[in-house]
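Student: Please pick one paired stretch and take me through it closely. Then tie it to the rest of the fold, including charge pairs, cysteines and surface.

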Amino acid sequence: MVAEVIVDVLNTNVDRVFDYAIPEGKEIVEGARVLVPFATKLVEGFVIATKPCSSFEGELKEIKGELDLIPALTPELIRLAVQIKNKYHVLLAEALRLFIPAEMRGGKVEQKTKNYVRISENVDLGVLTKELSRAPKQREALLYLAEHGEAPLSFLAVAFGRGAINALKERGAVCIYEQGVQRIPYKAVSGHGKSVTLTYEQNAVLQKIISNQGKSFLLHGVTGSGKTEIYIRAIKNALEQRKTAIMLVPEIGLTPQVMRRFRSEFGESVALLHSGLSAGERYDEWWRLRNGEAKVAVGARSAIFAPLENLGLIIIDEEHEQSYNSDKSPRYRTEEVARMRSMQTNATLIKGSATPLIESYYRAKSGEDILLELKDRINYVSMPEAIVVDMRNEVMRGNDSVFSEELIYRLEQTLSHGEQAMLYINRRGFSPVVMCNACGYVARCKDCDVSLTYHKEDEQLKCHYCGAKYRVLDVCPECGSAKIRQRGLGTEKVVNELQKRFPSARFLRMDADTTKNKDGHARITEAFFKGEADILVGTQMIAKGHDFANVTLVGVLDADLGLYLSDFRAAERTFSLLTQVAGRAGRAQKKGYVVLQTHTPHHPLVRLAKDYDFHSFYEHEILLREAAKYPPFGSIIRVMVVAEKEEEGIAALKELYCKLLTFKQKYEKSFVFFNKMKSPVKFIMKKYRF
């Protein structure tokens, strides 16, 4: 027998199948990871097919061994990898790598084991305990094992002494053996199942999903309308049919909350996959899915590659989020991969959001997907009352604070009632700009074309693009003046200012700085969920998906900040963000309030966000898109040239431009716009971008 192998080497010259002989008496099947001789060394590879013989005329090299007890990939995943290769123009080895934890390559991680102790067979316990009357520690350890059956060696060594255990082993009274240990992520996160009665709206939506299995849906439901409950019921229906399911969330920060609910409903059938897990946790969770122990995969975008068989359901929650698009090689759109996979397996695809992408809503309105709507919150709880504050008037009244009088008043009321508040500002750090008041110098990163952010906690200036750190400036490097000032505000400064106003309040901050350590997201969300803080200040991480029953106030600082970016999606993203963050308030029976601080209170988008009017926003936006031939009426293609030397980048860009110009001239009517230009951020990590 012969195996067709893709070697795990990222090189266009070897992006093809190589035939290897399967050793006599060995059974190696499609999907197995193998070790093969390649050139002058042994490399890992993926078996993508087997066949009786090869057309190669020379002597075939032989596979040296299998790397896993069961094949790592299923035939369905191999077909999907080929589709990804063709769709996104990547190497097949690069596509196949998406389907396994990175640490499996090269054997960087393996099953964790622990030494256990138990009483040996054929031991007469009564006789032995009498013999050990003068060895009390050995006797106590033996009696403990008699009662408990087995125990970790590390525990027994502490409790009774390692010498006592070794002496029992030498007598033949006990045996020591290795046992696999499961590394469980977010072990402390658990919940209790609660009986929920679906509303009429929810039940109608669920029945439509169940009666149209294998179809794709867009579930548009206002924040707090109970989309998660529908997801859970749909997953239960899939499991009842002996099928499996994937549940995607846009942020790692949302996984603790989702896991709490899902563990209460599905117990050990749930496994978690995302980049924030340790190598061991990701390895163990992946294998639980692959060997069928777990039937439901929960995670961020990488969970779409979960090694599940008999897939029946894929859910993409908050489908509008940018984080579902991979901006690193291999680049891919999660929604497209999910659609490929659902078509291969005839799985139902559900995309859900309170503010779906314009393209998604257009597709559903056009009948490509089935549109489902949830117009009311659960139990008809009203949407939070939105209050728009004109910050220009605050300045005219002499209030130079970042907080309006209205927001301070609402915070006072919230705290006095023992309720919680969330404040959103889409900048981390203390101040996003450090400048000299004397000459106008702005501290910038040496390796990137961006200003440095001041971080007060670390007393450092940091680049948020490359991560470089600089010492805080005492004097201006340009003019020598000591008039160095911090401008603007970030999450750190917001907390600092609030602590001065509310010294007895308890604060938590959630941004890229406070969540960089393992379990950072879980630690913060669990603490806030348990009421260990009164006010949560954060960036986009707090804006979506979270369900905190005691939050009755949400404050948005600089609500119009993203409106004027040079991006055709700026209005859509701002509307989505305002609607999503506002939806965190008043999700239980308590009345909620949202304070939107803005310098453009009369902007149509602010008004529509205040009224939670997605349909009017869609009608307004779709007309603009059609007139400008923006998606979904056209495609925007960006070709990025990155070079270490500026002149090399320009030369490469000109060469590409000339080639594409020929293409444009051939299909002139298909082009709306075509040009070459510098990137909005022209220099990142010592590389020029065009």
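**A strand pair and its surroundings**

Tutor: Start with one contact: Leu273 has Gly299 as its bridge partner in S12. Keep in mind that this is a predicted model. The contact belongs to a pairing of S11 with strand S12, residues 296-299. The two strands run parallel, and four bridges join them. Strands of a sheet pair through backbone hydrogen bonds, in either a parallel or an antiparallel sense.

Now look at the side chains of S11, residues 270-273. Val270 and Leu272 point one way. Ala271 and Leu273 point the other way. All four are buried. For scale, 50% of the protein's 690 residues count as buried.

Step along the chain to helix H10, residues 279-290, where Arg282 lies. Arg282 forms a salt bridge with Glu103, and the closest N and O atoms are 2.6 Å apart. Glu103 sits in the loop between helix H2 (92-97) and S6, so the pair ties together parts that are 179 residues apart in sequence. Both partners are under cover. Arg282 counts as buried because its relative accessible area is 16%, and Glu103 because its value is 17%.

The loop of Glu103 leads to S6, so look there next. S6 is part of an open sheet of three strands, in the order S7-S6-S8, with antiparallel pairing. Strands S7 (150-152) and S8 (174-180) stand at the edges; each has a single partner strand, so one side of each is left without a neighbour in the sheet. From one strand to the next, the twist averages 35 degrees. Strand S6, residues 113-119, pairs with S7 over three bridges in the antiparallel sense. Within that pairing, Tyr116 stands opposite Pro152.

Back to charge pairs. Side chains of opposite charge can pair when their charged atoms come close. The structure holds 45 salt bridges. One of them joins Lys591 to Glu385, with the closest N and O atoms 3.5 Å apart. Lys591 lies in the loop between helix H17 (570-582) and strand S28 (593-598), and Glu385 in strand S18 (385-390), so this pair links parts that are 206 residues apart in sequence. Here the partners are partly exposed: Lys591 at 43% relative accessibility, Glu385 at 35%.

Asp449 and Arg444 form another bridge, at 3.3 Å between the closest N and O atoms. Asp449 is partly exposed at 27%, and so is Arg444 at 40%. Shared partners also build one network of salt bridges from Glu319, Glu335, Arg339, Lys351, Arg363, Glu368 and Asp369.

What of the cysteines? The disulfide count comes to zero. Take Cys448: its sulfur is 3.8 Å from the closest cysteine sulfur, in Cys466, and that is too far for a bond because the cut-off is 2.5 Å. Cys463 also has Cys466 as the closest, at 3.7 Å, again too far for a bond. Cys448 is buried at 2% relative accessibility, and Cys463 at 3%.

Last, the surface. Ile637, Val639, Leu656 and Leu660 form a nonpolar patch there, with about 350 Å² of accessible area together. Leu656 belongs to helix H20, residues 646-666. Its relative accessible area is 34%, which means partly exposed.

Overall, the secondary structure comes to 20 helices and 31 strands. The C-alpha trace spans about 90 × 75 × 65 Å along its principal axes.

Technical notes:
Residues numbered from 1 in each chain as written. Predicted model: local features only at pLDDT ≥ 70, side-chain atom pairs only at ≥ 80, totals over all residues. Heavy atoms only, no water. Patch = residues over 30% accessible without salt bridge, like charges linked within 9 Å, V, L, I, M, F, W, Y side chains within 5 Å. Areas by Shrake-Rupley, 256 points an atom, 1.4 Å probe, with all protein chains shown as cover. Salt bridge = Lys/Arg side-chain N within 4 Å of Asp/Glu carboxyl O. Buried < 20%, exposed > 50% of the residue type's maximum accessible area, 1.4 Å probe, protein only. Pairing = 2+ DSSP bridges. Axes fitted to C-alpha atoms, helices over the stretch in contact; angles between N-to-C directions.
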